[in-house]
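Trainee: I've got a model open and I'd like to learn how to read it. Can we go through it together?

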Amino acid sequence: MNESAPNLRAPTHEPGYVAEARRDKHQWWRYVLGMLVTLVAWLIVGSTVSLLITYAISGGLDPTALDPVAGFVVTMAGFPFFLAGLFLTMRVIHRRTLRSLVTHRARIDWTRVGQGFLVWLVLWSLGQLCRFLLDPGSFSVSGNLAALAVFVPFAVVLTAVQTTTEELFFRGYTVQTASLIWGNRIFLAVISAVLFTLPHLTNPEAAAGGWVTVFFGYFLGTGVVWAVVSLLDGTTELAIGAHFANNIANVLLVGTSGSIVGTPALFMGDEYDPVLSAVITTSIAVLFALIVLGPLRRRERSPATAAAGEVRA
């Protein structure tokens with residue numbers, strides 16, 4: 001038996017970020033209240049703000065009537081409130097920092113976040129290259145590079161807020177909350193992936209691709225894999241980087257007609273192909289996990305070595 005292979009049921013060498021769930025103010029009712037506060041901030045306050053922005057721009061409440069950039073802003077408008085609700089939950093209800101949703105260490109390892117970003121971006125680019133080679137005629141170059149250049153800084157900031165907030169909540173707070181019920185990693189990964197999938201069911205891609213997109217695109221290809229990687233790595237750093245790479249690439253590099261975010265990307269693809277997308281997404285996810293948990297796996301120091309290092313420091 002190969003004991004070096006990842007084991008979802010085996011304990012890690014150190015507690016990891018999930019153990020933060022039982023630190024400071026961790027009574028069960030605090031997690032119920034925290035979930036309520038966070039979801040109200042996101043789904044009620046954030047959605048209201050999005051509608052108000054839509055009305056201010058168009059005089060109506062239909063976001064589909066907006067131009068692509070305005071539609072993007074409206075789509076992203078609720079996430080700062082989502083983040084604010086999560087921040088309030090952590091600081092006031094649990095008396096912890098947002099960092100505790102990422103790592104149990106004193107600092108976030110931004111190198112690890114960068115690794116997640118670069119590995120996913122490279123794999124995503126290879127996936128798009130395969131898509132192009134299969135059907136070169138399905139791609140076209142953006143005809144408005146000036147608009148794209150102006151859009152880039154807004155896209156980067158808003159997408160970073162969106163993806164980071166989703167990771168803090170779905171791979172961070174949700175996993176920590178569920179760990180109070182059962183600490184089994186398979187259970188935690190499935191719960192996280194199911195809840196991550198639910199808000200994506202309203203995306204146009206889900207309607208176009210049906211169960212294929214829902215299962216392979218949202219539940220398995222991103223939801224389960226990012227949760228498993230986070231649980232085995234002991235932090236959500238890799239998932240934060242990967243999620244940002246995935247979304248910013250779809251926003252700025254290769255857009256797809258009929259997607260939830262119709263932005264002035266560098267390239268545009270034809271109508272969404274659910275089967276091809278499922279194959280590419282699943283392949284990227286599997287290769288990502290193998291790379292970051294294999295050659296790029298965090299090399300933990302033994303307790304004795306770590307203690308000696310702290311004494312020397």
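Trainee: Let's start with a single residue: is S179 buried or exposed?

Mentor: Before that, some ground rules. This is a predicted model, where local features need pLDDT of at least 70, side-chain atom pairs count only at pLDDT 80 or more, and totals for chains, interfaces and linings use all residues. Residues are numbered from 1 along each chain as its sequence is written, and side-chain values use heavy atoms, with hydrogens and water left out. Now, buried means under 20% relative accessible area, exposed over 50%, and partly exposed in between (1.4 Å probe, protein chains only). S179 has a relative accessible area of 9%, so S179 is buried.

Trainee: Which residues is S179 in contact with, leaving aside its neighbours within four places in sequence?

Mentor: Contact means heavy atoms within 4.5 Å. With those neighbours set aside, S179 touches V18, A21, R22 and L188. S179 itself sits in helix 5, residues 145–179. Helices here are DSSP runs of H or I with at least four residues, strands are E runs of at least two, and both are numbered from the N terminus.

Trainee: In what order do the three strands of the open sheet come?

Mentor: Two strands pair if DSSP finds at least two bridges between them. Here the order is 1-3-2, with mixed pairing. Strand 1 (139–141) and strand 2 (254–256) are the edge strands, each pairing on one side only. Strand 1 and strand 3 (residues 267–269) run antiparallel and are joined by three bridges; one pair to look at is S140 with M268.

Trainee: And which helix lies across those strands?

Mentor: For angles, axes are lines fitted to C-alpha atoms, for helices over the stretch in contact, and values run from 0 to 180 degrees between N-to-C directions. Helix 4 (residues 110–134) lies across strands 1, 2 and 3, at about 60° to strand 2. Its buried residues include W120, W124 and R131, and the cover over helix 4's buried residues includes helix 7 (204–233) and helix 9 (274–292).

Trainee: What span should helix 4 have?

Mentor: The expected span is 1.5 Å times one less than the number of residues. For the 25 residues of helix 4 that gives 36 Å, and the end C-alpha atoms are 36 Å apart, so the two agree.
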